[in-house]
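This report introduces a single protein chain to a reader who has not met it before. Please keep the sequence and the structure in view while reading.

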Amino acid sequence: MSKVLLVKLSDAAVYKDAKVKNAVPHFPSLTLATIAGNIREKNHDIKIFDFSTFTYMEDANKAFLQLLKEFSPDFVGISFSTPLFEEMVRVGNIVKTFNP
């Protein structure tokens, strides 16, 4: 049985100064929930971490590191759109430094 962590990045940082920031959706990822359900059916341990549920990025980073320590996933999947590429790289590097 593998441990899998699925991550949804927050759009808030990218769109904070944009004119369209009020039009950017902020809701849980149904895609990750669907993937998680399929993974769970195969008897793997699965968790989802959503950066957008935190008001402050520092709190999100601390919670993410804590989850990495406690859950120690075998696999991490990061969901992102193109404008979040740099954020995905940052989060990916955190995962890699924790578990190369």
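The report moves from the overall fold to the nonpolar cores and then to one residue in a strand.

**Overall fold**

The model is predicted. Its chain holds four helices and three strands, and these follow one another along the sequence in the pattern β-α-α-β-α-β-α. For 100 residues, a compact globule would have a radius of gyration near 13 Å, and the 14 Å of this chain agrees with that. Of contacts between residues at least 6 apart in sequence, 74% join residues at least 24 apart.

The table gathers further values for the whole chain.

| Property of the chain | Value |
|---|---|
| Box filled by the C-alpha atoms, along the principal axes | roughly 45 × 30 × 20 Å |
| Share of the 100 residues that count as buried | 32% |
| Exposed area | about 6,800 Å² |
| Part of the exposed area supplied by carbon and sulfur atoms | 56% |
| Distance between the mean positions of the 12 positive and 11 negative charges | 1 Å |

**Nonpolar cores**

The largest nonpolar core has 15 residues, and those that touch the most other members are Leu5, Val7, Leu9, Phe49, Phe51, Phe64 and Leu68. Three elements each give two or more residues to this core: β1 (3-8), α3 (57-71) and α4 (85-98). The greatest contribution is that of α3, which supplies five residues.

Phe64 illustrates how parts of the chain meet. Leaving out residues up to four places away in sequence, Phe64 touches Leu5, Val7, Phe49 and Phe51, and also Val91, Ile94 and Val95. A second core, separate from the largest one, comprises six residues, among them Val4, Leu6, Leu32 and Ala36.

**A residue of strand β3**

Val76 lies in strand β3, which spans residues 75-79. Is Val76 buried or exposed? Its relative accessibility is 31%, and because the partly exposed class lies between under 20% for buried and over 50% for exposed, Val76 counts as partly exposed.

Which residues are in contact with Val76, apart from its neighbours within four places in sequence? They are Leu5, Val7 and Val95. Leu5 and Val7 also appear among the residues of the largest core that touch the most other members, and Leu5, Val7 and Val95 are among the residues that Phe64 touches. Val76 and Val4 are 72 residues apart in sequence, yet their C-alpha atoms are 5.8 Å apart in space.

Definitions and conventions:
Residues are numbered from 1 along each chain as its sequence is written. This is a predicted model: local features need pLDDT of at least 70, side-chain atom pairs count only at pLDDT 80 or more; totals for chains, interfaces and linings use all residues. Side-chain values use heavy atoms; hydrogens and water are left out. The radius of gyration is taken over C-alpha atoms; the globule rule is 2.2 Å times the number of residues to the power 0.38. Buried means under 20% relative accessible area, exposed over 50%, partly exposed in between (1.4 Å probe, protein chains only). Contact means heavy atoms within 4.5 Å. Accessible areas come from the Shrake-Rupley method with a 1.4 Å probe; for residues, only the protein chains shown count as cover. Lys and Arg count as positive and Asp and Glu as negative; His and the chain ends are not counted. The place of a charge is taken as NZ of Lys, CZ of Arg, CG of Asp or CD of Glu. A nonpolar core is a set of buried Ala, Val, Leu, Ile, Met, Phe, Trp, Tyr and Cys residues joined through side-chain atoms within 4.5 Å.
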